[in-house]
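Please open the model in your viewer and follow the stops below in order. Each stop suggests a selection and then says what is found there.

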Protein chains: 2
Amino acid sequence: MTTIKDVARLAGVSVATVSRAMNNSGYVGAESRRKIEVAIAELNFYPNEVARSLYQKKSKFVGLLLPDISNPFFPLLAKGVEDKMNQMGYQLILGNVQENMEKEKEYLKTFAQNNVAGVLSAINGGINKLGGIPFVMLDRVADEEEYGVHSNDFQGGQLAATAIAERNPHEIVVLVGPRNVPGSLERLRGIEEVLHARKRTYQLLETSSFQFDATKETTSELFARFPKVDSVIASNDVHALAILQEALRRGIKIPEELQIIGYDDIPFSKMLFPSLATISQPAYEIGYQGAELLCDRIEDNYIKEKMIQLPVKLEVRESLRKKEIE
Amino acid sequence: MTTIKDVARLAGVSVATVSRAMNNSGYVGAESRRKIEVAIAELNFYPNEVARSLYQKKSKFVGLLLPDISNPFFPLLAKGVEDKMNQMGYQLILGNVQENMEKEKEYLKTFAQNNVAGVLSAINGGINKLGGIPFVMLDRVADEEEYGVHSNDFQGGQLAATAIAERNPHEIVVLVGPRNVPGSLERLRGIEEVLHARKRTYQLLETSSFQFDATKETTSELFARFPKVDSVIASNDVHALAILQEALRRGIKIPEELQIIGYDDIPFSKMLFPSLATISQPAYEIGYQGAELLCDRIEDNYIKEKMIQLPVKLEVRESLRKKEIE
């Protein structure tokens with residue numbers, strides 16, 4: 001393999017000079033620079049990224065922390081991140097944390113050891129501890145964070161509650177996502193504002209996790225505690241789909257006897273019959289714009305917006321009843 | 001940050017000696033080694049992985065190539081890979097190729113530039129070109145490959161066909177996965193062997209892709225070309241679910257008027273109503289054992305089995321009719 005030493009030898013300059021030239025750091029005379037360029041072209045030299053990373057003290061790696069890759073929302077978000085990062089020449093180191101704080105810490109340590117250029121995190125909280133490494137939060141963005149991309153969860157809550165309130169609900173159950181996930185509370189705030197304004201009563205069902213594995217428990221609890229429920233505002237699509245399918249299994253008619261709205265718009269929601277009404281979050285866009293923001297931070301570009309909030313959209317589908325004529 | 005220089009200074013030896021001691025390469029006297037160990041403990045020094053990678057010419061990174069992270073099968077497989085690799089102290093660089101040859105090539109180039117210790121690939125074909133880097137194929141393993149973990153697709157085809165043949169099929173349609181994916185042909189061989197032996201006629205519907213996005217097209221084509229179909233052997237669960245849901249939408253009774261069996265056993269298949277009968281592939285195990293095999297290659301351990309084939313299992317669920325009494 002061609003190394004920087006070969007380039008230095010052919011150009012007749014020192015290795016340090018080649019290094020300075022390649023990294024645009026420090027003075028290199030015009031003549032030396034020309035010789036180095038000729039040598040690089042002649043040897044068809046492309047720098048080893050590991051070596052470059054040592055010189056520059058930062059690598060072309062970016063760490064990506066995800067809470068649960070079995071929920072299709074996160075692979076979509078990861079795809080947005082990946083597409084942008086690849087364009088910009090960065091590689092992703094994957095960290096699937098499964099809502100496990102120990103795993104999160106371990107990943108952050110390895111990211112630091114590997115001189116990552118930055119971190120993108122869809123994990124809530126606790127990440128500020130990595131001194132000096134720029135990071136951008138995705139989807140789950142706490143108030144104290146400075147850089148992040150997320151969707152407008154307050155608006156999402158409002159849209160979901162309005163869709164249900166306009167469709168003749170008798171007994172509404174609102175699934176509340178984990179309270180340590182910032183978006184959960186924002187959505188709840190949006191939902192409650194609308195339901196109060198429209199003088200609708202409702203019950204809350206707290207869920208301890210957004211995880212795929214937790215859906216079974218939520219579903220059993222819902223039907224056990226609220227046998228007369230006829231309208232559900234769910235915390236995400238995976239939970240909504242589990243409830244919808246369990247209702248079908250019990251012979252409950254969708255949407256006549258039970259209407260339901262999800263949150264996220266994962267690809268399955270549209271595919272299923274009855275299709276799931278939901279609040280569509282731009283998962284791919286969150287990932288893509290988050291990656292863009294992180295690149296700007298890494299490269300010290302001017303940043304117009306540190307905290308980007310993307311709009312959400314109501315998708316009316318077969319799991320909702322017809323709107324009342326008021 | 002503590003560096004190898006600080007360790008050398010405190011131990012009173014040269015940086016080169018510390019490096020030799022840490023990498024177990026070359027001679028280091030017993031007394032020097034003791035001093036170095038004391039200094040490392042005193043300074044609480046952990047080596048920078050980038051620096052270590054330069055000394056050792058291989059990093060603690062492993063590349064992972066996946067064809068489609070929007071199909072839940074692959075996140076599951078990735079989770080198995082990740083769990084094992086983390087145990088062994090390796091980090092994953094993610095490459096989501098989306099069946100795009102150009103993207104595959106680019107990833108392989110970056111993997112090489114980053115001195116990856118090895119590559120795990122669930123992409124079919126074309127990967128042998130990375131000189132010297134050990135790799136292990138996952139799920140999609142061509143005949144000419146040396147190292148891989150996949151499930152027994154011939155057996156899977158046999159099980160699926162037997163399940164259908166025993167349940168009074170009148171018009172069977174077999175979805176054939178992309179012919180360039182090695183497992184597709186093995187499954188077809190298993191299916192055809194059983195259907196011929198049982199003197200069942202069937203029609204083939206070729207699909208050009210396993211991708212999530214392709215399901216809509218497959219579904220329309222199926223119902224347009226085979227309006228009397230009453231039994232479907234699908235190429236994967238994502239396609240099977242799309243067909244099942246479209247059948248429900250058209251008012252076709254499942255399983256009385258149409259029975260269907262999938263392949264993979266993604267988490268949604270069990271959750272939906274009617275639940276999808278399928279051939280369960282051990283996606284997590286494929287990932288986990290593939291990672292284990294790659295670690296053994298990287299570390300030059302003795303390898304008992306270069307090509308591991310894992311058994312599959314029939315999951316009888318609501319999308320299948322009752323077995324005939326013969």
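**Where the chains meet**

In this predicted model, begin by selecting strand β2 (residues 91-96) of chain B together with β2 of chain A, which pair in the antiparallel sense over two bridges. Within this pairing, pick A:Leu94, whose bridge partner in β2(B) is B:Leu92.

Now widen the selection to the whole contact, which takes 35 residues from chain A and 36 residues from chain B. On the side of chain A that touches chain B, the elements giving two or more residues are α4 (49-56), α5 (73-87), β2 (91-96), α6 (101-113), α10 (237-249) and α11 (267-271) of chain A. If you colour the residues of that side by type, they divide into 20 nonpolar, 11 polar and four charged.

**Chain A as a whole**

Next, show chain A alone, with its 12 helices and 12 strands, and colour it by domain: domain 1 covers 4-56, domain 2 covers 61-151 + 283-310, and domain 3 covers 153-281. Between the centres of domain 1 and domain 3 of chain A, taken over C-alpha atoms, the separation is 60 Å. Along the principal axes, the C-alpha atoms of chain A fill a box of roughly 85 × 35 × 35 Å, and the radius of gyration of chain A is 25 Å, where a compact globule of 326 residues would have one near 20 Å. Of these 326 residues, 51% count as buried.

While chain A is displayed, centre on A:Asp265, in the loop between β9 (259-264) and α11 of chain A. This residue has a positive phi of about 65° although it is not a glycine. Is A:Asp265 buried or exposed? A:Asp265 counts as buried because it has 24 C-beta neighbours inside 10 Å, and the cut-off for a buried residue is 20 or more.

**Parallel strands in chain B**

Turn to chain B and select strand β3 (residues 118-121), which is covered on both faces, with B:Gly118 and B:Leu120 buried on one side and B:Val119 and B:Ser121 buried on the other. Strand β1 (residues 61-66) of chain B runs parallel to β3(B) and is joined to it by four bridges, while three bridges join β3(B) to strand β4 (residues 135-138) of chain B, again in parallel. B:Ser121 is a useful residue to centre on, as it is the bridge partner of B:Leu65 and also has B:Met137 as its bridge partner in β4(B).

**The six-stranded sheet of chain B**

Then select the open sheet of chain B, whose six strands follow the order β7-β6-β8-β9-β10-β12 with mixed pairing. β7 (202-206) and β12 (313-315) of chain B stand at the edges with a single partner strand each, so one side of each has no neighbour in the sheet. From one strand to the next, the twist averages 20°. Inside the sheet, strand β6 (residues 172-176) and strand β8 (residues 231-233) of chain B pair in the parallel sense over three bridges, with B:Ile172 opposite B:Ser231. Adding helix α7 (residues 153-165) of chain B shows it lying across β6, β8, β9 (259-264), β10 (277-280) and β12 of chain B, at about 165° to β9(B).

**Loops to finish on**

Two cis peptide bonds in chain B close the tour: one runs from B:Ile254 to B:Pro255, with omega near 5°, and another joins B:Phe273 and B:Pro274, with omega about -5°. B:Pro255 lies in the loop between α10 (237-249) and β9 of chain B, and B:Pro274 in the loop between α11 (267-271) and β10 of chain B.

Terms used:
Residues numbered from 1 in each chain as written. Chains lettered and ligands numbered in written order. Predicted model: local features only at pLDDT ≥ 70, side-chain atom pairs only at ≥ 80, totals over all residues. Contact = placed C-beta atoms within 7 Å. Nonpolar A, V, L, I, M, F, W, Y, C, P; charged D, E, K, R; others polar. Pairing = 2+ DSSP bridges. Buried ≥ 20, exposed ≤ 12 C-beta atoms within 10 Å, placed from the backbone. Domains from an automatic or database assignment. Rg over C-alpha atoms; globule rule 2.2 N^0.38 Å. Axes fitted to C-alpha atoms, helices over the stretch in contact; angles between N-to-C directions.
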